[in-house]
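This report describes the architecture and selected charged contacts of one protein chain. Please consult the sequence and the coordinates alongside the text.

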Amino acid sequence: MTSPNREQIIAALNSVIDPVDGQSIVAKDMVQGIDINDQTVNIMIAVDPQRGPSLEDLRQTAEKAVAAVNGVTTARVALTAERAKGTPDNAPKAPGGPSRPAGTASGQAGQVGQRPQGGGQKPLELPDVRSIITVASGKGGVGKSTTSVNLALSLAAKGLKVGLLDADIYGPSLPRMLGLRDAKPKPSDIDGKMTPPTAFGIRIMSIGFMIDEEQPVIWRGPMAMGALEQLLRDTDWGVLDVMVVDMPPGTGDIQLSMAQRVPVTGAVIVSTPQDIALLDARKGLNMFRKVNVPVFGLIENMSYYKCPECGHIDHVFDHGGAHKAADELNVPFLGEIPLDLKIRLGADEGKPIVHSDPDGEHTKAYGAIADKIAAAIDEQVGPVSEPKKKSLFPKISFK
């Protein structure tokens, strides 16, 4: 199948009309970005935040218009309140239409430094998802994704219905870790939804299913956040007890967007024992506190190395640092996971250690941590049999 070109996409979007004034969204410079990857097209539309909640029909109309273009198999359209300071290189112009001043949506000056607010849209509703757990770290390279995968499988082993979302838009790794490198989402029986790939009894969604494994994702923050929201909103997750979200490292806009737009039940922080990693882990933990998301605790990954031949233990990256930090920050210490070749090989080969060695000591370590997380979930939302009736959206406060 031939890939669509930019001109075809612009022509399709030019037929999408803003109901307020009857003008094309292209003529009004509302189309902020177009990204074409083979047969997958991602569109970012800039809107007035106050109008965001009323523009879902327009978003869907734009998505259908792009999906109808010859050669398009997947179309994703997201709304954002953020405008670039200048007209971005990939923002289209209406054929023969007037241009507007840079950084404006309707002839009015935009607010410099305005933080994206998800296009002013209402919070994402996931009524069939009982709880959402984010697995985060202050920095990359600490084994957060490997931990996310094995915790998700450990929760599923307890009889819970589990979904796994790869929120690392710029560096998706879950398709490889779960042996799904060639998998693709399929159309769902529910209109407008995608059925995600499954592995080891859990449903998984990742931007990695829609792009080549070695292709970089070069998107501005608003487009990345829009793609993440669409993965959440347009996936047929079914009924879930727990959704585990593998967060990107750091404390950026995606983390803030998750806190603002998604009813996060609690956060788990992963760190290695050495001081430099713990410094960033503290930042990640304090970010969740800042946005009033409960922190379920810290996990010390790569805590020690045990020689498989003689049983001697070495503390390659120091030891006990995460436990000490948890005590100082007054959060639970969830447990420690060793540095072990089998865990690394399992991640690289798409055979997580919890699945490949269900009776091993590493699986027991992940299982013990999963028990604590499950208990924390029950504390927040109530047990499955007696759920608590309360809003899980945090109140955002910055001081």
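## A covered edge strand and its sheet

Strand E3 is mostly covered, with six of its seven residues buried. Here, buried means under 20% relative accessible area, exposed means over 50%, and partly exposed lies in between (1.4 Å probe, protein chains only). The model is a predicted one, in which local features need pLDDT of at least 70 and side-chain atom pairs count only at pLDDT 80 or more, whereas totals for chains, interfaces and linings use all residues. Residues are numbered from 1 along each chain as its sequence is written, and side-chain values use heavy atoms, with hydrogens and water left out.

E3 belongs to an open sheet of three strands, ordered E1-E2-E3 with mixed pairing. The edge strands are E1 (31-37) and E3 (74-80), each of which pairs on one side only. On average, neighbouring strands of this sheet are turned by 10° against each other, direction ignored. Helices (H or I, at least four residues) and strands (E, at least two) are DSSP runs numbered from the N terminus; two strands pair if DSSP finds at least two bridges between them.

## Pairing and helix packing

The mixed character of the sheet can be followed strand by strand. E1 and E2 (residues 40-46) are antiparallel and share six bridges, and Asn37 stands opposite Thr40 in E2. E2 and E3, by contrast, run parallel and are joined by seven bridges; Ile43 has Val77 in E3 as its bridge partner.

Two helices accompany this sheet. Helix H1 (residues 6-13) lies across E1 and E2 and runs at about 135° to E1. Helix H2 (residues 56-67) packs on the sheet and touches E2 and E3, its direction making about 150° with that of E3. Contact means heavy atoms within 4.5 Å; axes are lines fitted to C-alpha atoms, for helices over the stretch in contact, and angles run from 0 to 180 degrees between N-to-C directions.

## The eight-strand sheet

A further open sheet has eight strands in the order E8-E9-E5-E10-E4-E11-E12-E15, again with mixed pairing. Strands E8 (198-199) and E15 (333-336) stand at its edges with a single partner strand each, so one side of each is left without a neighbour in the sheet.

Within this sheet, E5 and E10 (residues 242-246) are parallel and pair over five bridges; Val162 has Val242 in E10 as its bridge partner. Helix H8 (residues 321-329) lies across E12 (295-300) and E15, running at about 155° to E12.

## A buried aspartate without a salt bridge

Asp168 lies in the loop between strand E5 (162-166) and helix H4 (174-177). What is the nearest side chain of opposite charge to Asp168? It is Lys144, 4.8 Å away, and the buried Asp168 has no salt bridge. A salt bridge requires a side-chain nitrogen of Lys or Arg within 4 Å of a carboxyl oxygen of Asp or Glu. For charge, Lys and Arg count as positive and Asp and Glu as negative, while His and the chain ends are not counted.

A polar atom of the Asp168 side chain lies 3.1 Å from the backbone nitrogen of Gly171. Leaving aside neighbours within four places in sequence, Asp168 is in contact with Asp246, Pro248 and Pro249.

## Salt bridges

The structure holds 12 salt bridges. One of them joins the side chains of Asp371 and Lys158 (2.9 Å, N to O). This pair links distant parts of the chain, 213 residues apart: Asp371 is in helix H11 (residues 361-381), and Lys158 is in the loop between helix H3 (144-157) and E5. Asp371 is partly exposed at 40% relative accessible area, and Lys158 is partly exposed at 41%.

Arg344 and Asp348 also form a salt bridge (2.8 Å, N to O). Because they are four residues apart in helix H9 (residues 341-349), about one helical turn separates them. Arg344 is partly exposed at 44%, as is Asp348 at 37%. Asp234 and Arg233 meet in a salt bridge (3.3 Å, N to O), and both residues are buried. In addition, salt bridges link Asp18, Asp21 and Lys28 in a network.

## The protein as a whole

The protein has 11 helices and 15 strands. Of its 399 residues, 53% count as buried. Among contacts between residues at least 6 apart in sequence, 75% join residues at least 24 apart.

Notes:
A polar contact is a pair of N or O atoms within 3.5 Å; within protein, one must be able to donate a hydrogen and the other to accept it, and residues adjacent in sequence count only if both atoms are side-chain atoms.
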